[in-house]
Amino acid sequence: MNVGLVSNTYSSITNGNAAFQSAKTNADNAKFSELLETLQRQNDGRGTVSSSEINVDGRLNGEYTTGFAGAFTSEKDKVANPQGAAVNQANPHVQTKTIDKTSKLYEKALELEGFFVKQMLSSMRNTVMKSKEDDFGKKMYEDMLYDQYAENMTKTAGFGLADQIYLSLV
């Protein structure tokens, strides 16, 4: 089979657009490669940001919530009793353990509980009937509001999920 015939047939089917798109894609790829090479050669003293340099305590730059770091700082928080669902032991003869709420492990357990609370709130929010005027900004700020709701509920409601996670990992 003649390659020229196939190429002419394909070109006639697409009205010459295939060749144009191919040339445009090649030009875009060349521009992108050139930009990438320029950025790799460039050294203006700022360097690059690697994942270990994002933030020391694991938070992202520009994160808008206050987080759980420093939520518990008193001495009595180092030997706190579990609360919420973590109090309910399957065996009443098991001695209750204490929780160090000032530890990094407990902070991460709170973050996981906050994630679950946010999922619960988001599911509840989806059941509410809304107006048809939903724009991107409104959705974004509403989501940020629900992030803050979830964080505050996690800190104050005493669900006990973070306590259970902590106790299972200690």
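Which helix supplies the largest share of the lining of the largest cavity? Keep that in mind while we walk through this predicted model, starting with the overall layout and then moving inwards.

The chain has 170 residues, and 20% of them count as buried. Its secondary structure amounts to five helices and zero strands, so-called α-α-α-α-α when read from the N terminus. If you look at contacts in the chain with a separation of 6 or more, 75% of them are between residues 24 or more positions apart.

Now to the cavity. The structure has one cavity of 30 Å³ or more, and the space in the largest cavity is about 70 Å³. Three helices, α3 (104-125), α4 (136-156) and α5 (161-169), each bring at least two residues to its lining. The answer to the opening puzzle is α3, which gives three residues, the largest share. If you would like to select the lining in your viewer, pick F72, Q83, Y106, L110, E113, T154, K155, G158, F159, G160, A162 and D163. Sorted by class, that lining holds five nonpolar, four polar and three charged residues.

From the cavity, let us turn to the nonpolar core. The largest one is made of eleven residues, namely F68, F72, A86, I99, Y106, A109, L110, A162, I165, Y166 and L167. Both α3 and α5 supply at least two residues of this core, and α5 gives the most, with four residues. Several names turn up in both places: F72, Y106, L110 and A162 belong to the core and also line the largest cavity.

Helix α5 deserves its own look. Its buried residues are A162, D163, I165, Y166 and L167, and α3 is included in what covers them. Take L167, which sits in helix α5. Is L167 buried or exposed? L167 counts as buried because its relative accessibility is 16%, and the cut-off for buried is under 20%. Setting aside residues up to four places away in sequence, L167 touches P82, A86, K97, T98 and I99. One of these partners, P82, is 85 residues from L167 in sequence, yet their C-alpha atoms are 8.7 Å apart in space.

I99, another member of the core, links up with several of the residues we have just met. Leaving out neighbours within four places in sequence, its contacts are D77, K78, V79, A80, P82, Y106, D163, Y166 and L167. P82 is thus listed among the contacts of I99 as well as those of L167.

Two polar details round off the tour. The first is K118, in helix α3. This lysine is buried, because its relative accessible area is 12%. Which side chain does K118 join through a polar contact of 2.9 Å? The partner is the side chain of D147. Not counting residues up to four places away in sequence, K118 touches D143, Y146 and A150 as well as D147.

The second is T127, in the loop between α3 and α4. T127 is exposed because its relative accessible area is 66%, with over 50% being the cut-off for that class. A polar atom of the T127 side chain lies 2.5 Å from the backbone oxygen of M124. K118 and T127 therefore fall into opposite classes, K118 being buried and T127 exposed.

Key:
Residues are numbered from 1 along each chain as its sequence is written. This is a predicted model: local features need pLDDT of at least 70, side-chain atom pairs count only at pLDDT 80 or more; totals for chains, interfaces and linings use all residues. Side-chain values use heavy atoms; hydrogens and water are left out. On a 1 Å grid over the protein atoms alone, a cavity is a set of points where a 1.4 Å probe fits but cannot get out, and a pocket is an open set with protein on both sides within 12 Å along at least five of seven lines; lining residues have an atom within 4 Å of a point. Grid points are joined across faces, edges and corners, and a volume is the space filled by probe spheres set on the points. Ala, Val, Leu, Ile, Met, Phe, Trp, Tyr, Cys and Pro count as nonpolar, Asp, Glu, Lys and Arg as charged, and the others, Gly among them, as polar. Buried means under 20% relative accessible area, exposed over 50%, partly exposed in between (1.4 Å probe, protein chains only). Contact means heavy atoms within 4.5 Å. A nonpolar core is a set of buried Ala, Val, Leu, Ile, Met, Phe, Trp, Tyr and Cys residues joined through side-chain atoms within 4.5 Å. A polar contact is a pair of N or O atoms within 3.5 Å; within protein, one must be able to donate a hydrogen and the other to accept it, and residues adjacent in sequence count only if both atoms are side-chain atoms.
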